[in-house]
Amino acid sequence: MLLHVPEVLSKAEVAAIRARLDQAGWVNGLQTSGAQAAGCKQNLQLSVDSPLFGELSRQVAEALQRHPLFLAAALPKHVLPPMFNRYQDGGHYGNHIDNAIQTDRFTGRKIRTDVSTTVFLSEPEEYEGGELIAEDSYGCHEVKLAAGDAIVYPSTSLHRVEPVTGGVRVASFLWTQSLVRDAWRRAMLFDLDMTILKLRSQLGDSAEVVALTGHYHKLLQQWAE
């Protein structure tokens, strides 16, 4: 499931984050990549040792944790600290699948990566190219969202960032370990949750809606880890 999550950050929050990132020390993105990425990755990342990293990372994480659509889709058990990247001058990241296990930089805990998220911090008109391309059983999907919006997708998806041929593309990216490991089960729970919300708006808490809500929670209880 590929899901657009709008307005994770307000325009004012994006502007404040960008202003601070523009003064930050960026490092070669290969410092946080494995050997396989070395041949296909060309970008910059905010150093995790930067004094800004902890504060800005927590700001993005807290914004996501407040967003009901992100919570419904990811069903987060643990959200890894968001990181920040920058693409310019032809920067790109070729086809890859995210590592199955990542380390929480604040706690050292090993986390399974079930859900990948990118929060866009540049407006689409600020750069040329730079589309996020994610593949699933339905084909390739091209993503280039407004600043402050996020895209959420399974971490098992093959994906890439096209070369940025003009301007600068800045984003935050992160991984989530979900309460529900299986992507198909998460998608089914999300669809059921959204259907219940629509029915509640039309019918209120009728006996049928309450029963359907009960089925949702029974499935979540059955599948949660």
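This is a short tour of a predicted model, with stops at two cysteines, a helix and a pocket.

**Cysteines**

Select cysteine 40. Its nearest cysteine sulfur belongs to cysteine 140 and is 16 Å away, and cysteine 40 is in no disulfide. A disulfide here requires the two sulfur atoms to lie within 2.5 Å. Is cysteine 40 buried or exposed? Cysteine 40 has 18% relative accessibility, so it counts as buried. Now select cysteine 140: this residue is in no disulfide either, with the sulfur of cysteine 40 as its nearest, 16 Å away. The disulfide count for the model is 0.

**Helix H2**

Next, select residues 53-66, which form helix H2. The C-alpha atoms at its two ends are 20 Å apart, and this agrees with the 20 Å that 14 residues should span at 1.5 Å a residue. Then show the side chains of Phe53, Leu56, Val60 and Leu64, which are among the buried residues of H2. Others in that buried set include Gly54, Ser57, Ala61 and Ala63. To see what covers the buried residues, add helices H1 (11-21) and H3 (68-74). The cover also includes strands S4 (44-46), S6 (83-88), S10 (115-120) and S16 (164-178).

**The second largest pocket**

Finally, select Met1, Asp136, Ser137, Pro154 and Trp184. Of the 17 residues that line the second largest pocket, these lie nearest its centre. The pocket holds about 410 Å³ of space. Colour strand S12 (132-136), strand S14 (150-154) and helix H4 (183-203), the elements that each give two or more residues to the lining. Which of them gives the most? H4 does, with 5 residues. By class, the lining has 10 nonpolar, 4 polar and 3 charged residues.

Technical notes
Residues numbered from 1 in each chain as written. Predicted model: local features only at pLDDT ≥ 70, side-chain atom pairs only at ≥ 80, totals over all residues. Heavy atoms only, no water. Buried < 20%, exposed > 50% of the residue type's maximum accessible area, 1.4 Å probe, protein only. 1 Å grid on protein atoms, 1.4 Å probe; cavity = no way out; pocket = protein on both sides within 12 Å on 5 of 7 lines; lining within 4 Å. Points joined across faces, edges and corners; volume = space filled by probe spheres on them. Helix = DSSP H or I, 4+ residues; strand = E, 2+ residues; numbered from the N terminus. Nonpolar A, V, L, I, M, F, W, Y, C, P; charged D, E, K, R; others polar. Expected span 1.5 Å × (residues − 1). Contact = heavy atoms within 4.5 Å.
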